[in-house]
Amino acid sequence: MKLLPAFVSEASVEDLSSRLDDSVNVIRFRPNIVVKNTSPKPFEEDFWKSFQIGKAVFQNARQCERCMIIRIDPDTGEFTGQEPLATLQKYRRKPGGQKVLFGAYVKVSSEGMASVGDKVVVSDK
(Lines give C-alpha, C1' and ligand atoms only; values in the text may rest on other atoms or scores of the structure.)
Protein backbone atom coordinates (compact mmCIF):
# COMPACT_ATOMS: atom_id res chain seq x y z
CA MET A 1 0.00 0.00 0.00
CA LYS A 2 1.43 3.34 -1.05
CA LEU A 3 1.36 6.01 1.64
CA LEU A 4 -0.36 9.20 0.62
CA PRO A 5 0.24 12.70 2.03
CA ALA A 6 -2.53 13.95 4.30
CA PHE A 7 -3.83 17.48 4.39
CA VAL A 8 -6.25 19.58 6.43
CA SER A 9 -7.35 23.19 6.27
CA GLU A 10 -6.98 25.67 9.09
CA ALA A 11 -10.65 26.66 8.62
CA SER A 12 -11.73 23.09 9.41
CA VAL A 13 -9.50 22.88 12.49
CA GLU A 14 -10.83 26.26 13.66
CA ASP A 15 -14.40 25.04 13.18
CA LEU A 16 -13.70 21.97 15.30
CA SER A 17 -11.97 24.08 17.96
CA SER A 18 -15.02 26.36 18.18
CA ARG A 19 -17.09 23.32 19.21
CA LEU A 20 -14.67 22.23 21.98
CA ASP A 21 -13.99 23.59 25.46
CA ASP A 22 -10.28 23.78 24.58
CA SER A 23 -8.95 24.50 21.10
CA VAL A 24 -7.18 21.73 19.24
CA ASN A 25 -3.82 22.11 17.53
CA VAL A 26 -3.64 21.10 13.85
CA ILE A 27 -0.70 18.82 14.73
CA ARG A 28 -3.20 16.55 16.51
CA PHE A 29 -4.19 15.32 13.03
CA ARG A 30 -0.57 14.77 11.91
CA PRO A 31 -1.00 16.29 8.44
CA ASN A 32 1.76 16.59 5.86
CA ILE A 33 0.11 19.69 4.39
CA VAL A 34 -1.89 22.42 6.15
CA VAL A 35 -3.71 24.82 3.86
CA LYS A 36 -4.50 28.30 5.05
CA ASN A 37 -6.92 31.01 3.94
CA THR A 38 -8.25 29.08 0.95
CA SER A 39 -11.86 29.54 2.00
CA PRO A 40 -13.55 30.85 5.14
CA LYS A 41 -15.86 27.82 4.95
CA PRO A 42 -14.74 24.79 6.95
CA PHE A 43 -14.56 21.45 5.14
CA GLU A 44 -14.58 23.09 1.70
CA GLU A 45 -11.59 20.86 0.93
CA ASP A 46 -13.90 17.81 1.06
CA PHE A 47 -15.10 18.82 -2.40
CA TRP A 48 -11.78 19.64 -4.07
CA LYS A 49 -10.86 17.24 -6.86
CA SER A 50 -7.51 18.82 -7.63
CA PHE A 51 -5.41 21.73 -6.46
CA GLN A 52 -1.97 23.23 -6.91
CA ILE A 53 0.54 24.48 -4.37
CA GLY A 54 3.53 26.16 -5.97
CA LYS A 55 4.43 23.94 -8.92
CA ALA A 56 3.05 20.73 -7.38
CA VAL A 57 -0.40 19.49 -8.39
CA PHE A 58 -2.44 17.22 -6.14
CA GLN A 59 -5.58 15.15 -6.58
CA ASN A 60 -7.89 14.46 -3.68
CA ALA A 61 -7.70 10.67 -3.24
CA ARG A 62 -10.07 10.12 -0.30
CA GLN A 63 -11.09 11.58 3.01
CA CYS A 64 -9.13 10.62 6.14
CA GLU A 65 -10.92 8.24 8.46
CA ARG A 66 -9.91 9.21 11.97
CA CYS A 67 -9.25 6.83 14.83
CA MET A 68 -8.49 7.07 18.52
CA ILE A 69 -4.94 8.34 17.90
CA ILE A 70 -6.26 11.92 17.65
CA ARG A 71 -7.13 11.62 21.36
CA ILE A 72 -3.39 11.59 22.14
CA ASP A 73 -1.59 14.93 22.43
CA PRO A 74 1.42 14.68 20.07
CA ASP A 75 3.40 17.17 22.17
CA THR A 76 3.13 15.21 25.42
CA GLY A 77 2.17 11.71 24.28
CA GLU A 78 -0.63 11.79 26.83
CA PHE A 79 -4.17 10.55 26.34
CA THR A 80 -6.52 13.55 26.60
CA GLY A 81 -9.90 11.89 27.06
CA GLN A 82 -12.60 11.50 24.43
CA GLU A 83 -11.96 14.75 22.56
CA PRO A 84 -11.69 15.75 19.80
CA LEU A 85 -13.02 12.43 18.48
CA ALA A 86 -16.29 12.58 20.44
CA THR A 87 -17.20 15.96 18.95
CA LEU A 88 -16.21 14.91 15.43
CA GLN A 89 -18.47 11.86 15.78
CA LYS A 90 -21.43 14.21 16.17
CA TYR A 91 -21.05 15.91 12.79
CA ARG A 92 -18.31 14.34 10.66
CA ARG A 93 -19.40 10.71 10.30
CA LYS A 94 -19.07 8.93 6.99
CA PRO A 95 -22.56 8.74 5.47
CA GLY A 96 -24.20 5.50 6.51
CA GLY A 97 -21.31 4.46 8.74
CA GLN A 98 -19.42 4.84 11.97
CA LYS A 99 -16.12 6.22 10.61
CA VAL A 100 -15.22 9.83 11.39
CA LEU A 101 -13.85 11.91 8.50
CA PHE A 102 -11.47 14.85 8.87
CA GLY A 103 -8.96 15.99 6.25
CA ALA A 104 -7.99 14.13 3.11
CA TYR A 105 -5.29 12.02 1.52
CA VAL A 106 -3.92 13.31 -1.77
CA LYS A 107 -2.04 11.92 -4.74
CA VAL A 108 0.72 13.92 -6.36
CA SER A 109 -0.36 14.18 -9.99
CA SER A 110 2.43 16.52 -11.07
CA GLU A 111 5.65 16.83 -9.11
CA GLY A 112 7.09 20.25 -8.45
CA MET A 113 8.39 22.56 -5.74
CA ALA A 114 5.87 23.52 -3.06
CA SER A 115 6.94 25.83 -0.26
CA VAL A 116 5.47 27.20 2.95
CA GLY A 117 3.45 30.27 2.05
CA ASP A 118 2.71 29.26 -1.55
CA LYS A 119 -0.78 30.07 -2.75
CA VAL A 120 -3.23 27.19 -3.00
CA VAL A 121 -5.14 27.19 -6.29
CA VAL A 122 -8.16 24.93 -6.45
CA SER A 123 -8.62 23.95 -10.08
CA ASP A 124 -11.49 21.50 -9.86
CA LYS A 125 -14.30 21.18 -7.32
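These exercises work through pockets, cores and backbone features of a predicted model.

**Exercise 1. The largest pocket**

Find which strands supply at least two residues each of the lining of the largest pocket, and which strand gives the most.

Solution.
- Step 1: Start with the space. The volume of the largest pocket is about 320 Å³.
- Step 2: Look at the lining. It holds 17 residues, and Ile33, Val34, Ile53, Ser115 and Val116 lie nearest the centre.
- Step 3: Turn to the strands. S2 (33-35) and S4 (56-66) each supply at least two lining residues.
- Step 4: Pick the top contributor. S2 gives the most, with three residues.

**Exercise 2. Two linings by class**

Sort the lining of the largest pocket and that of the second largest pocket into nonpolar, polar and charged residues.

Solution.
- Step 1: Take the largest pocket. Its lining has 10 nonpolar, four polar and three charged residues.
- Step 2: Move to the second largest pocket. About 270 Å³ of space lies there.
- Step 3: Find its lining. There are 14 residues, with Asp22, Ser23, Val24, Arg28 and Thr80 nearest the centre.
- Step 4: Sort them. Five are nonpolar, three are polar and six are charged.

**Exercise 3. Helix H1 and the core**

Work out which elements the buried residues of H1 pack against.

Solution.
- Step 1: Locate the core. The largest nonpolar core has 13 residues, and Val13, Leu16 and Phe102 are among those with the most contacts inside it.
- Step 2: Name its suppliers. H1 (10-18), H2 (85-91) and S5 (100-110) each supply at least two residues of this core.
- Step 3: List the buried part of H1. It comprises Ala11, Ser12, Val13, Asp15, Leu16 and Ser17.
- Step 4: Follow one residue. Beyond its neighbours within four places in sequence, Val13 contacts Val8, Val24, Val26 and Phe102.
- Step 5: Conclude. The buried residues of H1 pack against strand S1 (6-9), H2 and S5.

**Exercise 4. Positive phi and a cis bond**

Decide whether Arg30 and Phe43 are buried or partly exposed, then locate the cis peptide bond.

Solution.
- Step 1: Place Arg30. It lies in the loop between H1 and S2, and its phi is positive, about 50°, although Arg30 is not a glycine.
- Step 2: Apply the cut-off. Buried means under 20% relative accessible area. Arg30 has 37%, so it is partly exposed.
- Step 3: Place Phe43. It sits in the loop between S2 and S3 (50-53), with a positive phi near 65°.
- Step 4: Apply the cut-off again. Phe43 has 9% relative accessibility, so it counts as buried.
- Step 5: Find the cis bond. It joins Glu83 and Pro84, with omega about 5°. Pro84 is in the loop between S4 and H2.

Definitions and conventions
Residues numbered from 1 in each chain as written. Predicted model: local features only at pLDDT ≥ 70, side-chain atom pairs only at ≥ 80, totals over all residues. Heavy atoms only, no water. 1 Å grid on protein atoms, 1.4 Å probe; cavity = no way out; pocket = protein on both sides within 12 Å on 5 of 7 lines; lining within 4 Å. Points joined across faces, edges and corners; volume = space filled by probe spheres on them. Helix = DSSP H or I, 4+ residues; strand = E, 2+ residues; numbered from the N terminus. Nonpolar A, V, L, I, M, F, W, Y, C, P; charged D, E, K, R; others polar. Core = buried A, V, L, I, M, F, W, Y, C linked by side-chain atoms within 4.5 Å. Buried < 20%, exposed > 50% of the residue type's maximum accessible area, 1.4 Å probe, protein only. Contact = heavy atoms within 4.5 Å.
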